[in-house]
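Biologist: I should be grateful for a close look at a single part of this structure. Please take one charged pair as the starting point and work outwards from there.

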Amino acid sequence: MIALTVFEIGASIVTVEFVKSHGGSDLSAYMWSLLAPAVGALVYWARTRRASGARAAILAFNLRSAAVAIANSSFQNAFAWTQIMTVAAMLVGITPTVMIARRLRLDGQRAAAQHRQ
């Protein structure tokens, strides 16, 4: 599934750059960039029959980029800062979740090892 996530993010970036280099607007570039995460979400769902928060986050990030492109089409610094702040907010939200899950898994393994003794 890591390869699927890398594909989604990489294809989104390449799509944005491709559309912009061929004269497309920011809005059209970010709307087209929604295609790869949508396909990735469908592939993930077809394989696991579950929704994925990571795929939803990638879709939301691209959709938010399109919304910011509409609102701030003349102010590119605001666009760059909103991108940075969104990534920072995602990292702040994801990092504690990963750390807590890891800690719980380690505590569970220790408890299971003590129970076996």
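Are Glu8 and Arg55 buried or exposed? Please also describe the surroundings of this pair.

Modeller: The model is a predicted one, and what follows should be read with that in mind. Both residues are buried: Glu8 is, and so is Arg55. For Glu8 the assignment rests on a relative accessibility of 0%, and because buried means under 20%, Glu8 counts as buried.

The two side chains form a salt bridge, in which the closest N and O atoms are 3.2 Å apart. This pair joins distant parts of the chain, since Glu8 belongs to helix H1 and Arg55 to helix H4, with their positions 47 residues apart in the count. In general, side chains of opposite charge can pair when their charged atoms come close.

The surroundings of Glu8 extend beyond its partner. Setting aside residues up to four places away in sequence, Glu8 touches Ala36, Pro37, Gly40, Ala41, Arg55 and Ile58. Several of these names return where two helices meet. Helix H3, residues 35-48, packs with H4 at an angle of about 165 degrees, and their axes are 9 Å apart. An angle over 145 degrees counts as roughly antiparallel, and H3 and H4 are therefore roughly antiparallel to each other. Their crossing is left-handed. On the H3 side the contact is made by Pro37, Ala38, Gly40, Ala41 and Tyr44, and on the H4 side by Arg55, Ile58, Leu59 and Asn62. Pro37, Gly40 and Ala41 of H3, together with Arg55 and Ile58 of H4, thus take part in this packing and also touch Glu8.

A second salt bridge offers a useful contrast, as the structure holds 2 of them. Here the side chains of Lys20 and Asp26 meet, at 3.2 Å from N to O. Lys20, at 31% relative accessibility, counts as partly exposed, and Asp26, at 22%, is likewise partly exposed. The pair of Glu8 and Arg55, by comparison, is buried.

Helices H1 and H4 also come together in the largest nonpolar core, to which H1 (2-21), H2 (26-32) and H4 (53-71) each supply at least two residues. This core has 6 residues, namely Val16, Val19, Ala29, Tyr30, Ala66 and Ala69. Leaving aside neighbours within four places in sequence, Val19 is in contact with Gly24, Ser25, Ser28, Ala29 and Trp32. In soluble globular proteins, nonpolar side chains tend to be buried together.

Technical notes: Residues are numbered from 1 along each chain as its sequence is written. This is a predicted model: local features need pLDDT of at least 70, side-chain atom pairs count only at pLDDT 80 or more; totals for chains, interfaces and linings use all residues. Side-chain values use heavy atoms; hydrogens and water are left out. A nonpolar core is a set of buried Ala, Val, Leu, Ile, Met, Phe, Trp, Tyr and Cys residues joined through side-chain atoms within 4.5 Å. Buried means under 20% relative accessible area, exposed over 50%, partly exposed in between (1.4 Å probe, protein chains only). Helices (H or I, at least four residues) and strands (E, at least two) are DSSP runs, numbered from the N terminus. Contact means heavy atoms within 4.5 Å. A salt bridge is a side-chain nitrogen of Lys or Arg within 4 Å of a carboxyl oxygen of Asp or Glu. Axes are lines fitted to C-alpha atoms, for helices over the stretch in contact, and angles run from 0 to 180 degrees between N-to-C directions. Angles under 35 degrees count as roughly parallel, over 145 as roughly antiparallel, 65 to 115 as roughly perpendicular and the rest as oblique. A crossing is left-handed if the near helix is turned anticlockwise from the far one by less than a right angle, and right-handed if clockwise.
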